Amino acid sequence: MLATIAVGFTAMLVAWRQRAQPGAVPLVALFLGACYWVICSLFRLQATGIQEKILWNELAWLGVMLIPLAWLLFAMEYTGRDRFIQAEYLAALALVPGITIVLALTSQSHSLLYSNSEVITFQGQQFLNRIPGPWFWVAMGYTYLLGMLGSIPILELVLSDAATFKGQSGVLLAGTLAPWLSNVLFIAGILSIPAFDPTPIAFSISGVFYLAAVTQYQLFETNPSASQHAQRLFIDQLQEGALVVDSNGFIVDANESATDILGIDSRQALGQKAAALIDQYDVFENSKNSSERTTIAGADTTGLYDITHTEITDSRGRAVGSIFTLHDVSDYVRNQQRHKVLNRLLRHNIRTKTNLIISHAELLAADSEAGDISLVKDSAYQIEDTAEKAREIVDIFEQSRHPDTLVALSSLVTDCRSQVEHDHPDADIRVDDLPEDVYVPSVLEAAYLNVIENAVVHTDDPEPTVRVRTERGEERVSVVVADNGPGIDDYEQSVIERGTEDGLSHSSGLGLWLVKWAAEIADGTIEFAPNSPSGTVVTITTPAYDSPAPTAATDERLLADSHW
């Protein structure tokens, strides 16, 4: 027993020196429990009275229950599964050991742990013999359960392809098997010495094996925990959503991106039927057998995501589940829509005005009184205006591909107002007090300028009036522009809000599209509402920043934009 204590303390000190490594601290606790158990057993053997022997037997239970718990924690941490080592889990695991220790310390007042106690003599040595009670078998079964649970991840490493981990894990399991086997033989009554539990002595074998694992097999210099963490980190830090579903349709894993996209609670999702939690799960199922691109809308309805399906197979080639990867294609789809609209408007507007110019030019050439020279000039100016708007839109698209510049909202709105007043001196443009500590992306200059300018230009009132005000929220700011014009047609508003055009439904020009796209690139929205008694209220809502330096969230969004 003294040799067992010496080996155990040596192994404990070696493990303590590596305490910064995964699994080292639980292994120290394991050897501490083993040494404590051996010391109590030694004092129990040396004790002469039955009460003294019972006392040391009761105290030994603290080490008995600590060992399997420490083994399980070591296995979890060593193999990289320490995410399961949380306060609530530890409290649940310690419940049975805690009850057992209390029952052990009070064993003489009840028969739950032991039904009877006596001292027997074998070859001149006195041994304490205690008849197990019902809770004894509960405690033993629990210790074996923890031991088995801890051995499973270690056994996985033995069966892995990594030779280093095979050696480490094989030695660990061999060391663990010795006290287990001796305890089973003792409980089964197979050993020749009655009432003597050799399990504490078997820990000397464990100590030798564990020392070999540390010194010869580099237990703490090379361990597999990094691999497990890397796999988890890779999934969690994917910009794309990753959803893992087993062959029966249950969610077994999902990263944060996927739960955010699908609008589900990550803590409640695991182990639940995917079809019950995800409204569009039938689209996921259809993507398995579809050769075409499958796209779904995110939970917030603003994002669009392509689904990629990958089948998971086991070592025998059997399908055991699926990984669904969600690729954000929102910007790609929006850009397709933008270019479609831009191409249609350029073709339609320029072709229409060009035809007018040509026809009236031909009339003027034949008869100077037949053509309308003012119509020719207006059409030419409109073509010029369309080209200028198209250039501004191209500039806006280009800004989405490069780091954004944040500017003070107050100066941006003031500059836009000054520019419109310069071009239209008869306009009455009123601007309420503007916040001085709010910054927005500079791409919004085109949006604010076009909204204010359109409010002045497209009105039949001889005294156009425009009012500009701001509404500040916690993280966003709204610029509200109200005019007294005829208002924007409901049909045209619906086309803009839908975000695309076709040959039968389209808007009349590029101005509103420019405003909408600039707001979207700034991660914002545009809304229309009627003004009283006449006119339109246009609200552009975007993120608000407290400093001119782009935030991390801004950088991430810009990188996502530049990808397309």
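Let me start with a term: a nonpolar core is a set of buried Ala, Val, Leu, Ile, Met, Phe, Trp, Tyr and Cys residues joined through side-chain atoms within 4.5 Å. Buried here means under 20% relative accessible area, exposed means over 50%, and partly exposed is in between, with a 1.4 Å probe and protein chains only.

Before we look around, two notes on what's on screen. This is a predicted model, where local features need pLDDT of at least 70 and side-chain atom pairs count only at pLDDT 80 or more, while totals for chains, interfaces and linings use all residues. Residues are numbered from 1 along each chain as its sequence is written, and side-chain values use heavy atoms, with hydrogens and water left out.

OK, the overall picture. The protein chain has 20 helices and 14 strands; helices (H or I, at least four residues) and strands (E, at least two) are DSSP runs, numbered from the N terminus. Of the 564 residues in the chain, 43% are buried. About 29000 Å² is exposed, and carbon and sulfur atoms supply 56% of that; accessible areas come from the Shrake-Rupley method with a 1.4 Å probe, and for residues only the protein chains shown count as cover. Now contacts, meaning heavy atoms within 4.5 Å. Take those with a separation of 6 or more: residues 24 or more positions apart account for 63% of them.

Back to the cores. In soluble globular proteins, nonpolar side chains tend to be buried together. Here, the largest nonpolar core has 41 residues, and the ones with the most contacts inside it are Leu30, Phe31, Trp61, Phe74, Ile154, Leu172 and Tyr210. So which helices each supply at least two residues of this core? They are helix 1 (2–17), helix 2 (24–46), helix 3 (50–78), helix 5 (95–105), helix 6, helix 7 (163–187) and helix 8 (199–215). Helix 3 gives the most, with 13 residues. There's also a second, separate core of 35 residues, and Val440, Leu444, Leu449 and Val515 are among them.

Helix 6 also has something to show on the outside. Leu145, Met148, Leu149 and Ile152 form a nonpolar patch on the surface, with about 330 Å² of accessible area together. For patches, residues need over 30% relative accessible area and no salt bridge; like charges are joined within 9 Å, and nonpolar side chains (Val, Leu, Ile, Met, Phe, Trp, Tyr) within 5 Å. A salt bridge, for the record, is a side-chain nitrogen of Lys or Arg within 4 Å of a carboxyl oxygen of Asp or Glu. Leu149 sits in helix 6, residues 134–158, and counts as partly exposed because its relative accessibility is 36%.

On to the strands. Two strands pair if DSSP finds at least two bridges between them. Strand 5 (295–297) and strand 6 (304–313) pair in the antiparallel sense over three bridges, with Thr295 partnered by Asp306 in strand 6. Strand 6 is then joined antiparallel to strand 7 (319–328) by nine bridges; along there, Thr308 stands opposite Thr325, and Thr313 opposite Ala319. Strand 7 also runs antiparallel to strand 3 (241–246), with six bridges joining them, and Asp246 has Gly321 as its bridge partner in strand 7.

Stay on Ala319 for a second. Is Ala319 buried or partly exposed? Ala319 counts as partly exposed, because its relative accessibility is 44%. Leaving out residues up to four places away in sequence, Ala319 touches Ser247, Glu311, Ile312 and Thr313. Ser247 is 72 residues away along the chain, yet the two C-alpha atoms are separated by 7.1 Å.

Last stop, helix 19 and what comes after. Helix 19 (511–521) is mostly covered, with ten of its eleven residues buried, including Trp513, Val515, Lys516 and Trp517. You may remember Val515 from the second core. What follows helix 19? That's Asp523, with a positive phi, near 65°, in a residue other than glycine. Asp523 lies in the loop between helix 19 and strand 13, and counts as partly exposed because its relative accessibility is 38%.

One more backbone oddity to click on: the peptide bond from Ser532 to Pro533 is cis, with omega near 5°. Pro533 lies in the loop between strand 13 (525–530) and strand 14 (536–543).
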